Amino acid sequence: MTAEKILEIARSQIGIKEQPPNSNNVKFNTAYYDRTVSGGGYAWCAVFIWWVFQQAGAAQLYYGGKKTAYCPTLESYHRGQAVSGDYRPGDIIFFNFNGKKNAQHVGICESWDGRQIITVDGNTAPSSEANGGAVMRRKRDKKYIVGAYRPAYREETMTQVEFDGMMQDWLTRQAKKPASSWAQGFMDQAKKDGITDGTAPQSFATKEMVATMIMNAAK
């Protein structure tokens, strides 16, 4: 399982909301509890992460194949895989918005520029970071990050030699075009592929992400 596959599934759920508002009645909870639930005791930011890994067939990477809807439990379980400061796409990021150190909320890292992080979260909204009732892409300052871990994703199947060859071929074909024309086309393709929303164009991309953009742009 790759980080990009996890992000692809997470992005596909952006816009899903609990119905009615403030009920915690949402499809992710229904799948987790095997029944429809409603009420304040069913916060679902961690449940959303569980659902994404379930859909990817990678339940072992969430909580060893088991269930937990409690952020501190999930963070503690993955203490051996903790990362700090060098966040990458697919990392699981824990937040606290009240100035405390405990994990209050969790999302999946989409990009990181050293100061701000973009994540895809469940149960969030501008009006309530940790209990907003929707799946959204959020951009936050690093001061809210209280922990993170990197699941044991599968390495990319493309070798460095294959990637270098593909890049050289593509750059050769673009050399006769004005840089402004293909650069904008590259960004447009990245948005179309769901790799970025354009808010963090200087973030790092994996070889797999770049290969996807190039191959799709060539079609």
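User: Which residue of strand 5 is the bridge partner of I93?

Analyst: In this predicted model, strand 1 and strand 5 run antiparallel and are joined by four bridges. Strand 1 covers residues 92–95, and strand 5 covers residues 145–149. The partner of I93 in strand 5 is A148.

User: What is the order of the strands in the open sheet?

Analyst: Strands of a sheet pair through backbone hydrogen bonds, in either a parallel or an antiparallel manner. Here the pairing is antiparallel, and the open sheet has five strands. Strand 4 (134–141) and strand 5 (145–149) are the edge strands, each pairing on one side only. Neighbouring strands are turned against each other by 35 degrees on average, direction ignored, and the order of the strands is 4-3-2-1-5.

User: Which residue of strand 4 stands opposite T119?

Analyst: Strand 3 comprises residues 116–124 and runs antiparallel to strand 4, with seven bridges joining the two. The residue in strand 4 that stands opposite T119 is R138.

User: What angle does the direction of helix 1 make with that of strand 2?

Analyst: Helix 1 (residues 3–11) packs on the sheet, where it touches strand 2 (105–112), strand 3 and strand 4. Its direction makes an angle with that of strand 2 of about 115 degrees.

User: How many of the 11 residues of helix 3 are buried?

Analyst: Helix 3 (residues 45–55) lies across strand 1, strand 2, strand 3 and strand 4, and runs at about 60 degrees to strand 2. Its buried residues include C45, F48, W50, W51 and F53. Helix 3 is mostly covered, and the number of its residues that are buried is nine.

User: Is strand 5 mostly covered or mostly open, and how many of its five residues are buried?

Analyst: Strand 5 is one of the edge strands of the sheet and pairs on one side only. Strand 5 is nevertheless mostly covered, and the count of buried residues among its five is four.

User: Why does the pair of F95 and F97 count as stacked, and what is the angle between the ring planes?

Analyst: The model has 12 aromatic pairs. In the pair of F95 and F97 the ring centres are 5.8 Å apart, and the pair is stacked because planes under 30 degrees apart count as such. Both F95 and F97 are buried. The angle between their planes is 10 degrees.

User: Which residue lies over the face of F95?

Analyst: Over the face of Y32 lies K67, at 4.9 Å from the ring centre. For F95, the distance to the ring centre is 4.7 Å, and the residue over its face is R140.

User: Is D91 buried or exposed, and which residue's backbone nitrogen does its side chain reach?

Analyst: D91 is in the loop between helix 5 (71–77) and strand 1. Its relative accessibility is 0%, so D91 counts as buried. Leaving aside neighbours within four places in sequence, its contacts include V83, D86, G107, Y149 and R150. At 2.8 Å, the side chain of D91 reaches the backbone nitrogen of R88.

User: What separates the C-alpha atoms of S76 and A103?

Analyst: S76 is found in helix 5. With a relative accessibility of 37%, S76 counts as partly exposed, because that class lies between 20% and 50%. S76 and A103 are 27 residues apart along the chain, and the separation of their C-alpha atoms is 9.7 Å.

Note on methods: Residues numbered from 1 in each chain as written. Predicted model: local features only at pLDDT ≥ 70, side-chain atom pairs only at ≥ 80, totals over all residues. Heavy atoms only, no water. Buried < 20%, exposed > 50% of the residue type's maximum accessible area, 1.4 Å probe, protein only. Polar contact = N/O pair within 3.5 Å; in protein donor to acceptor, adjacent residues only side chain to side chain. Contact = heavy atoms within 4.5 Å. Phe/Tyr/Trp six-rings, centres within 6.5 Å; stacked < 30°, edge-to-face > 60°. Lys NZ or Arg CZ within 6 Å of the ring centre and 35° of its normal. Pairing = 2+ DSSP bridges. Axes fitted to C-alpha atoms, helices over the stretch in contact; angles between N-to-C directions.
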